Amino acid sequence: MIRKKQENYGPYVIDLTGPQGNAFVLLGYAKQFARQLRFDDELKNKIVTEMQENDYEHLVQTFDKYFGDYVILER
């Protein structure tokens, strides 16, 4: 099915079961969102370091901790 592109006025949605759910992609999103939210460099580095400290589930939980107010993660 082909449909017209729909405007998305709600929070950004990331599908963790698709390519957007890749750990490296999530790290990139974290850097991008931190920059857009004007986080200082120290906080940006802290977030990325914390995301990389453990396994994938920890990475996702850390991402949600810092960006959960702006992004919906779907499994």
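This passage describes how helix H3 packs against two other helices and which salt bridges involve these elements. The structure is a predicted model, in which local features need pLDDT of at least 70 and side-chain atom pairs count only at pLDDT 80 or more, whereas totals for chains, interfaces and linings use all residues. Residues are numbered from 1 along each chain as its sequence is written, and side-chain values use heavy atoms, with hydrogens and water left out.

Helices are DSSP runs of H or I with at least four residues, and strands are runs of E with at least two. The axes (lines fitted to C-alpha atoms over the stretch in contact, with angles from 0 to 180 degrees between N-to-C directions) of H1 (residues 23–36) and H3 (residues 56–67) come within 11 Å and cross at roughly 20°. H1 and H3 are therefore roughly parallel (under 35 degrees) to each other. Helix H2 (residues 41–51) packs on H3 at about 150°, the axes being 8 Å apart, and this pair is therefore roughly antiparallel (over 145 degrees).

A salt bridge (a side-chain nitrogen of Lys or Arg within 4 Å of a carboxyl oxygen of Asp or Glu) joins Lys65 and Glu50 at 2.8 Å, N to O. Because Lys65 lies in H3 and Glu50 in H2, this pair ties together parts that are 15 residues apart in sequence. Lys65 is exposed (over 50% relative accessible area, 1.4 Å probe, protein chains only) at 54%, while Glu50 is buried (under 20%) at 14%.

Terms used:
Angles under 35 degrees count as roughly parallel, over 145 as roughly antiparallel, 65 to 115 as roughly perpendicular and the rest as oblique.
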